[in-house]
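Here are some exercises to work through with the model open beside you. Try each task before you read its solution.

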Amino acid sequence: MPLDPSTKGTVPFGEYRTWYRVTGDLHAGRPAVVVVHGGPGSTHDYLLSMSRLAEHGWPVVHYDQLGNGGSTHLPDKGADFWTVDLFAAELENLLTELGIAGDYVLFGQSWGGLLAARHATAGPAGLRGLVVANSPASYPLWLSEMAVLRAQLPPDVQQTLLRHEAAGTFDSPEYLAAMRVFYDRHVCRVLPWPRDFLSSFMEIYNDPTVYYTMNGPNEFHVIGTLKDWSIIDELDSIRTPTLLIGGRYDEATPVTMQPYFDRIPDVRWETFENSSHCPHLEEPERFTEVMVTFLKDLAGLAKPAAEGRVQS
């Protein structure tokens, strides 16, 4: 069946506004899939294809985190404002304002996976399932694996990156060209880049406040406030059925995701063999199949998956 019409709007978050989009019917009797995008400082656009889940009966909520996209922009705020606690509070507020806090599934991608897992550690009663996609369990792990991936780049690319990082010339066309070599290997292997992916990329470029503050100039040179942040010690408290998603060529390598698998009791792990950081764009048919299977399992609509830890 065709997608249900989407509804767009904003909800208040203190003195600010959070932009959202709903595809499908929030009152149809199934938990809404709330999509938590990456960055921090990106937008929902690159995850728009997840609206397809509405074709299978699950309403989908996208939103732009504060500071980007359709939500309130605050370019003058400093590092003390942009915190994990801020975005955790914004997510909780969105669930309440949309009236779905009693019945929902969280899908967190990249940084959004850390944020969604952080939300799950509190044991919210309405959280039916958790998906952590392409997300490290800590930024120290992420940084150590970035060094591994960077060492596999051509020597001239490595030298260009190091030279401009030492000089702080991150806007240099030469640096951006070298950066693109890494992105094409480990962020999105679909060429040319899909329109939705480009849209989020340009949104960060248009207002890099949050991304530069919390992350840094790019995916593999994390020098922002998150560089020492980890959720590993909190993962034992997650009791929600959890699906891990990773790509074979993902910048979020298996090493960075292993703590989720080791510490969350009810967890399964799907690896996409032809993907990097965006399996929803790189292998969209299999991605939808994996997501729908997980959602059906949660709802008791399919043969239950094996209990405990399952990796494939």
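In these exercises Ala, Val, Leu, Ile, Met, Phe, Trp, Tyr, Cys and Pro count as nonpolar, Asp, Glu, Lys and Arg as charged, and the others, Gly among them, as polar. The model is predicted, so local features need pLDDT of at least 70 and side-chain atom pairs count only at pLDDT 80 or more, while totals for chains, interfaces and linings use all residues. Residues are numbered from 1 along each chain as its sequence is written, and side-chain values use heavy atoms, with hydrogens and water left out.

**Exercise 1. Describe the second largest pocket and its lining.**

Step 1: Fix the term. On a 1 Å grid over the protein atoms alone, a pocket is an open set of points where a 1.4 Å probe fits, with protein on both sides within 12 Å along at least five of seven lines; lining residues have an atom within 4 Å of a point.

Step 2: Take the volume, the space filled by probe spheres set on the grid points, which are joined across faces, edges and corners. For the second largest pocket this comes to about 160 Å³.

Step 3: Look at the lining. It has 14 residues, and Gly-247, Arg-248, Ala-252, Thr-253 and Pro-254 lie nearest the centre. Two or more lining residues come from each of β7 (242-247), α8 (254-263) and β8 (267-272); helices (H or I, at least four residues) and strands (E, at least two) are DSSP runs numbered from the N terminus.

Step 4: Sort by class. The lining of this second largest pocket divides into six nonpolar, six polar and two charged residues.

**Exercise 2. Do the same for the largest pocket.**

Step 1: The largest pocket holds about 620 Å³ of space. Its lining numbers 29 residues, with Met-179, Tyr-183, Phe-201, Ile-204 and Tyr-211 closest to the centre.

Step 2: α5 (173-186), α6 (195-206) and α7 (209-214) each supply at least two of the lining residues.

Step 3: By class, the lining has 17 nonpolar, eight polar and four charged residues.

**Exercise 3. Find which parts of the chain the salt bridge between Glu-273 and Arg-248 ties together.**

Step 1: Apply the cut-off. A salt bridge is a side-chain nitrogen of Lys or Arg within 4 Å of a carboxyl oxygen of Asp or Glu. In Glu-273 and Arg-248 the closest N and O atoms are 2.6 Å apart.

Step 2: Place the partners. Glu-273 lies in the loop between β8 and α9 (279-282) and Arg-248 in the loop between β7 and α8, so the pair ties together parts that are 25 residues apart in sequence.

Step 3: Check accessibility, where buried means under 20% relative accessible area, exposed over 50% and partly exposed in between (1.4 Å probe, protein chains only). Glu-273 is partly exposed at 39%, and Arg-248 is partly exposed at 43%.

**Exercise 4. Decide whether Arg-150 and Glu-165 are buried or exposed.**

Step 1: Their side chains meet in a salt bridge (2.9 Å, N to O). Arg-150 sits in helix α3 (residues 139-150) and Glu-165 in helix α4 (residues 155-167), 15 residues apart.

Step 2: Both Arg-150 and Glu-165 are buried.

**Exercise 5. Place Leu-74 in the fold.**

Step 1: Leu-74 lies in the loop between β4 (60-64) and α1, and a relative accessibility of 14% makes Leu-74 buried.

Step 2: Beyond neighbours within four places in sequence, Leu-74 is in contact (heavy atoms within 4.5 Å) with Tyr-16, Leu-66, Phe-81, Trp-82 and Thr-209.

Step 3: The C-alpha atoms of Leu-74 and Val-210 are separated by 8.9 Å, although the two are 136 residues apart along the chain.
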